[in-house]
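User: I'm in my first year and I'd like a close look at one part of this protein. Could you pick a residue, walk me through its surroundings, and then work outwards from there?

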Amino acid sequence: MITESKEQLKEQINMIVQRESFSSVFSGKITRQKYAPICFIFSGKSRQLKPIIKSLYQSQPAIYSLLEELQPFLSSFFTKSFLELMEEGNLENPRHTQVVDFICEYAIAKLWHSWGIEPSIVMGYAMGNYAALVLAEILTVEGAISLILENRKFKSLPNFYPASIVTGK
């Protein structure tokens, strides 16, 4: 449906209800020649993801293998396993919470990758920038974890120029 205003949309919906035809309504099957690009957006917060990751760890090989591969690296920083860290609601060190958030978001992206879902665009906000940078192959997972734990800013990365998006109101 193509419309110019809320009033016109209301009229068009009424015309559909009354089974009248008009030129701004199209029906039928649309076949795309190309797929629309997929964008992964990482918020940097994983509170809702934690129970999902815990469940997927047991049922999805992609999540299981990722977390198992990361455990030796994580053991050099933490005395607990990733799953134990994830279970703790309020970690003493906020950097540890940020590492958990990063790994949860990255793990979901790797799961989608294992299902054949590949992003054309990745974006992050706050700690979500790390997941986006790893998926864009600018950082390694280990490098991102190290930067989070060291509390280093992105400005220290060579050739990294963050974008700013400004919208007018």
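Analyst: Let's start with isoleucine 148. Leaving out residues up to four places away in sequence, isoleucine 148 touches Arg95, Gln98, Val99, Phe102, Met127 and Tyr130. Keep in mind that this is a predicted model, and everything below is computed from it.

Is isoleucine 148 buried or exposed? Its relative accessibility is 1%, and buried means under 20%, so isoleucine 148 counts as buried. It sits in helix α7. You can also check where its backbone lies: the C-alpha atoms of isoleucine 148 and proline 94 are 9.9 Å from each other, with their positions 54 residues apart along the chain.

Now zoom out to the helix. α7 covers residues 141–150, and its buried residues are Val141, Ala144, Ile145, Leu147 and Ile148. Looking down the axis of α7, you'd find these buried residues within an arc of 160°, so they line one face of the helix. Here's a handy bit of background: an α-helix has 3.6 residues a turn, so residues three or four places apart point the same way. And what covers the buried residues of α7? The cover includes α3 (61–75), α5 (94–114) and α6 (128–135). After α7 comes asparagine 151, with a positive phi near 60°.

One of those covering helices, α6, deserves its own stop. Of its 8 residues, 6 are buried, so α6 is largely enclosed by the rest of the structure. The buried ones are Gly128, Tyr130, Ala131, Ala132, Leu133 and Val134. Tyr130 should ring a bell, as it is one of the residues that isoleucine 148 touches. The cover over the buried residues of α6 includes β1, α5, β2 (121–124) and α7. α6 also has a residue with positive phi following it: glutamate 137, near 65°.

Next, α5, which turned up in the cover of both helices. Look at glutamate 105, which is found in α5. It has a charged side chain, so where does glutamate 105 end up, buried or exposed? At 5% relative accessibility, it counts as buried. Setting aside neighbours within four places in sequence, glutamate 105 is in contact with Phe42, Ser43, Gly44, Lys45, Leu49, Gly128 and Ala131. Gly128 and Ala131 are among the buried residues of α6 that we just met.

That brings us to the largest nonpolar core, which has 38 residues. Ile53, Ile63, Leu74, Phe82, Phe102, Ile103 and Tyr130 have the most contacts inside it. The elements that give two or more residues to this core are β1 (39–42), α2 (49–59), α3, α4 (82–87), α5, α6 and α7. Which of them has the largest share? That's α5, with 10 residues. Phe102 and Tyr130, both on that list of most contacts, are also touched by isoleucine 148. Pick out Ile63 as well: beyond its neighbours within four places in sequence, it is in contact with Ile53, Leu56, Tyr57, Ala107, Ile108 and Leu111. Phe82 has a polar visitor too, since glutamine 71 of helix α3 is in contact with Lys80, Ser81 and Phe82, again leaving aside neighbours within four places. Glutamine 71 has 18% relative accessibility, so it counts as buried.

For contrast, try proline 51. It lies in helix α2, but proline 51 is exposed, with a relative accessible area of 55%. Its C-alpha atom is 8.8 Å from that of methionine 86, and the two are 35 residues apart along the chain.

Helices α5 and α6 also meet at an open space, the second largest pocket, where each supplies at least two residues of the lining. Its volume is about 160 Å³. The lining is made of Phe40, Tyr106, Ala109, Lys110, His113, Ile117, Glu118, Pro119, Val134, Leu135 and Glu137. α5 gives the largest share of it, 4 residues. By type, the lining has 7 nonpolar, 1 polar and 3 charged residues.

Finally, step right back. The protein has 7 helices and 2 strands, in the order α-β-α-α-α-α-β-α-α along the sequence. Buried residues make up 31% of its 169 residues. Of the contacts with a separation of 6 or more, 65% are between residues 24 or more positions apart.

Technical notes. Residues are numbered from 1 along each chain as its sequence is written. This is a predicted model: local features need pLDDT of at least 70, side-chain atom pairs count only at pLDDT 80 or more; totals for chains, interfaces and linings use all residues. Side-chain values use heavy atoms; hydrogens and water are left out. Buried means under 20% relative accessible area, exposed over 50%, partly exposed in between (1.4 Å probe, protein chains only). The arc is that of the directions from the helix axis to the C-beta atoms. Contact means heavy atoms within 4.5 Å. On a 1 Å grid over the protein atoms alone, a cavity is a set of points where a 1.4 Å probe fits but cannot get out, and a pocket is an open set with protein on both sides within 12 Å along at least five of seven lines; lining residues have an atom within 4 Å of a point. Grid points are joined across faces, edges and corners, and a volume is the space filled by probe spheres set on the points. Ala, Val, Leu, Ile, Met, Phe, Trp, Tyr, Cys and Pro count as nonpolar, Asp, Glu, Lys and Arg as charged, and the others, Gly among them, as polar. A nonpolar core is a set of buried Ala, Val, Leu, Ile, Met, Phe, Trp, Tyr and Cys residues joined through side-chain atoms within 4.5 Å.
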